[in-house]
Amino acid sequence: MAQLDRVLRSNIKLRHLQLLVALDQFRHLGRTSEFLSVSQPAVSRMLTEIEAMLGQTLFTRSTRGTEPTAAGVAMVRFARSVLAQYERTRDEIGAQESGAAGRVRIGVMGVALSPLLADAVDALKKQSARATVLIETGDLTGLLPKLRLGEIDLFLGRLEPGYAAPDLTTEALYAEPMAAVVAPDHPLARRRKPGWADIAALPCVMPPPWASLRVKLEQQFHRHGVQPPGDVIESSSYQATVLFVQRRAGVGFLASSAAREYERAGALRVLPLPVELDLPSVGIIAMRNVAPTAIALRMIECLRRAAFSAPRTRPPRRRPWPAA
């Protein structure tokens, strides 16, 4: 254990960590060497050097490529975390030297992408046009590991109680209901009172089966005495929802504020149908024991102001988790 501690503290270099991450990404010595612009024998020698230092086999080699061992998986996770912190520190110091405001990396669900994040980024850019905002879209399942590894600074989306953990801090911003949407020329768009039976008979774009929103939407169909739709495309992407609602003359479900944005742009029509679901608030998740950078703190403040000032929302009366 003492040897391993010494290796991790003193012997492992950034180039070693970059190699491990690249090997995990490409799972092939040749493609890794091309990516790193070094020879394949050099990649093989460096990997052997790392394994000798650690006294562990990190990747198994075969004619089909390379595969990480259990120790390799742990080292790749360590490498990604260190490299993320290195980039974060480099960007922060570089921003101070150049007079720029720095770089903030945000993982965001579709529910908060528009207009909340757009409004907040506009506000941030008015303060500092040289601030850089990196936006990665996805869901909690894919984005929380990136937050824990330091690859993103903040998560913005629904605060699902099932993902609460001691290492995370959360802040609820506002409550966001859902809306049913169709293409502007869809027959349902002309109905004064469309019902759940009307929707169930049409193609629908629904959240994936593992999403809590999917379960709640299906419960809503049952509550109104109809079976959930049988013709379904599953996606958590708002872009995919808009595409297939338009292409297949179907029905989709979006966050109400985003749905109104698409309606104003002429892409969709919001149905006059109450979608009464008990949903978690939209808010921010960050790492509890990682101090945010100055630009991340500024971004958080812009998000708070955008959530509070928008007419579509007000701060929620109940918070699924304690605010940060």
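## Helix α10 and its surroundings

Five residues of α10 are buried: Tyr 238, Ala 240, Thr 241, Val 242 and Val 245. This is a predicted model. The cover over these buried residues includes two helices, α6 (110-127) and α11 (256-264). It also includes the strands β7 (178-182), β8 (204-206) and β10.

Both ends of α10 carry a local detail. At its start, a side-chain oxygen of Ser 237 comes to within 3.3 Å of the backbone nitrogen of Gln 239. After the helix comes Ala 249, with a positive phi near 55°.

## A salt bridge beyond α10

Arg 248 pairs with Asp 231 in a salt bridge, at 3.1 Å from N to O. Arg 248 sits in the loop between α10 (238-247) and β10 (251-255), while Asp 231 sits in the loop between α9 (212-223) and β9 (232-234), so the bridge ties together parts 17 residues apart in sequence.

Are these two residues buried or exposed? Neither label fits, because buried means under 20% relative accessible area and exposed means over 50%. Arg 248 has 34% and is partly exposed. Asp 231 has 35% and is also partly exposed.

## Overall fold

The chain holds 12 helices and 12 strands. It has 324 residues, of which 46% count as buried. Take the contacts between residues at least 6 apart in sequence: 75% of them join residues at least 24 apart.

The exposed area of the chain is about 16,700 Å². Carbon and sulfur atoms supply 52% of that area.

## Nonpolar cores

In soluble globular proteins, nonpolar side chains tend to be buried together. Here the largest nonpolar core has 52 residues. Leu 116, Leu 156, Met 299 and Leu 303 have the most contacts inside it. Helix α12 gives the most to this core: eight residues.

Which residues does Leu 156 touch, leaving aside neighbours within four places in sequence? One group of contacts is Ile 106, Gly 107, Val 108, Met 109, Ala 112, Leu 116 and Leu 117. The others are Leu 173, Gly 283, Ile 284 and Leu 303. Leu 116 and Leu 303 thus appear again, as both are among the residues with the most contacts inside the core. A second, separate core has 22 residues, including Ala 189, Trp 196, Leu 213 and Val 251.

## Salt bridges elsewhere

How many salt bridges are there? The count comes to 19. Glu 136 and Lys 146 form one of them, at 3.4 Å from N to O. Glu 136 is in strand β4 (residues 132-137) and Lys 146 in helix α7 (residues 140-149), 10 residues apart. Glu 136 is partly exposed at 27% relative accessibility. Lys 146 is partly exposed at 25%.

This pair belongs to a network of salt bridges. Its other members are Asp 24, Arg 27, Glu 67, Arg 80 and Glu 151.

## A pair within α12

Glu 301 bridges to Arg 305, with their closest N and O atoms 3.2 Å apart. Both residues lie in helix α12 (residues 294-309). They are four residues apart, about one turn of the helix. An α-helix has 3.6 residues a turn, so residues three or four places apart point the same way.

The partners carry separate accessibility labels. Glu 301 is partly exposed at 30% relative accessibility. Arg 305 is exposed, because its relative accessible area is 52% and the cut-off for exposed is over 50%. Helix α12 therefore holds this salt bridge and also gives eight residues to the largest core.

Note on methods:
Residues numbered from 1 in each chain as written. Predicted model: local features only at pLDDT ≥ 70, side-chain atom pairs only at ≥ 80, totals over all residues. Heavy atoms only, no water. Salt bridge = Lys/Arg side-chain N within 4 Å of Asp/Glu carboxyl O. Buried < 20%, exposed > 50% of the residue type's maximum accessible area, 1.4 Å probe, protein only. Core = buried A, V, L, I, M, F, W, Y, C linked by side-chain atoms within 4.5 Å. Contact = heavy atoms within 4.5 Å. Polar contact = N/O pair within 3.5 Å; in protein donor to acceptor, adjacent residues only side chain to side chain. Areas by Shrake-Rupley, 256 points an atom, 1.4 Å probe, with all protein chains shown as cover.
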